[in-house]
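Q: Could you take me through one helix of this model up close? I'd like to know what sits on each side and what happens at the two ends.

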Amino acid sequence: MDAIATGTVGRSIASPGATVVLTEIEKRFDEVGAVRGISLSVGAGEFLTLLGPSGSGKTTTLMMIAGFETPTAGDITIDGRSVVARPPHKRNIGMVFQSYALFPHLTVAENIGFPLRQRGVDRTMRARQVAESLELVRLPGYEARYPRQLSGGQQQRVALARAIVFRPRLLLMDEPLGALDKQLRESLQLEMRRLHADLGITFIYVTHDQEEALTMSDRIAVMNEGRIAQIGTPEDLYDRPCDQFVAAFIGESNFLPCVMRGLEDGAIVAERGGTILRALATRMPPAGDEVMLTIRPERIRFAGEEPDVARANRLWATVTEAVFAGERRRYLCCYDHGVSIVVKEASGATTRRRLEGERVELEWSVADTVVV
């Protein structure tokens, strides 16, 4: 059931969002650290996503913000006030679960109006607020239906409407689209983004789906083994991952182990099998150290006859696999004793298909090469 809280019913739809601050939050279960010293600030009206694999601590973190789990250590504040000792129903938080948690014996209107009824809101006001919430989730006229008469996507919209009907300043969502098929999930991602803009409240969203996080979020906190590995905008995380875990978890990446040679014209110079490669100088390892360079497959192209000076990194490889994937062709190329490089090239009628066994020269920009 949604977290239900005492709050002002009937305030403006565009109510401001709450600020949320986590300070050195920890959660242990039988001495096992599920969350290990997380500190995080969420701005008013922000859409923040906690992204990570199963067991990374993202849902446990969300449950502590909601009040369904108590931190072993640390503090959580909402709008500057600690809520660690405050029960869920007094935190004024909306909550949406993957399982929808709708009451099967209640109509849509009764499900959505349940938080208002708990607050003693009169029938006329409830009906108005329910209708407004249904408009927001684009299900007007569905008041008399029962959950069994709705599709999965419609049930999820009803769950959303119930979570926002009492106008919370903070909405928490735990994998709310996980049970839906791909096409519907992608459609609802855009709807969720629109709803966030319409409401103006703070969203904290949990998912393991990287594309979902990239599509909807203002910022993403990538979690791994109970800690935040990196936090930033979708563009920051995709273009400038801080380590191999983030680079591999968000999108697809190529990894080239190299040896650090030095710094030249503001770029790191590294070597692999006699080939010199350059990367952005995000950090400066000592000369002679092993370093790992990462490049996104779609940033690599097949070199033309004349080198592109903007794409300073070039190497030769052999195509070992060519796969047609609709709008793109995906090539697996072998370079230097078994090191593989994936290339994604937009497919088109005039694009020459590379053949397995073909020797090719690859090139990409120094600006697209990152040391992780």
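A: Let's start with the company α3 keeps: its buried residues pack against α2 (108-118), α4 (152-164) and α5 (182-199). Bear in mind that this is a predicted model.

Which residues are the buried ones? In α3 they are Q129, V130, S133, L134 and L136. They cover an arc of only 150° around the axis, so they end up on the same side of α3. "Buried" here means under 20% relative accessible area, while "exposed" means over 50%. Now flip the helix around in your viewer. On the face of α3 turned away from the buried side, you'll find the exposed residues T124 and E135.

As for the helix itself, α3 covers residues 123-136, which makes 14 residues. From its first C-alpha to its last, α3 reaches 20 Å, close to the 20 Å expected at 1.5 Å a residue.

Next, the ends. At the start of α3, look for D122: one of its side-chain oxygens comes to within 3.1 Å of the backbone nitrogen of T124. T124 is also one of the exposed residues on the face turned away from the buried side. After α3 comes R138, and its phi is positive, near 60°.

While you have D122 in view, have a look at another aspartate, D209. D209 is in the loop between β8 (202-207) and α6 (210-216), and its side chain reaches the backbone nitrogen of E211 at 3.0 Å. Leaving out residues up to four places away in sequence, D209 touches L51 and R185.

How values were computed. Residues numbered from 1 in each chain as written. Predicted model: local features only at pLDDT ≥ 70, side-chain atom pairs only at ≥ 80, totals over all residues. Heavy atoms only, no water. Helix = DSSP H or I, 4+ residues; strand = E, 2+ residues; numbered from the N terminus. Expected span 1.5 Å × (residues − 1). Buried < 20%, exposed > 50% of the residue type's maximum accessible area, 1.4 Å probe, protein only. Arc of directions from axis to C-beta. Contact = heavy atoms within 4.5 Å. Polar contact = N/O pair within 3.5 Å; in protein donor to acceptor, adjacent residues only side chain to side chain.
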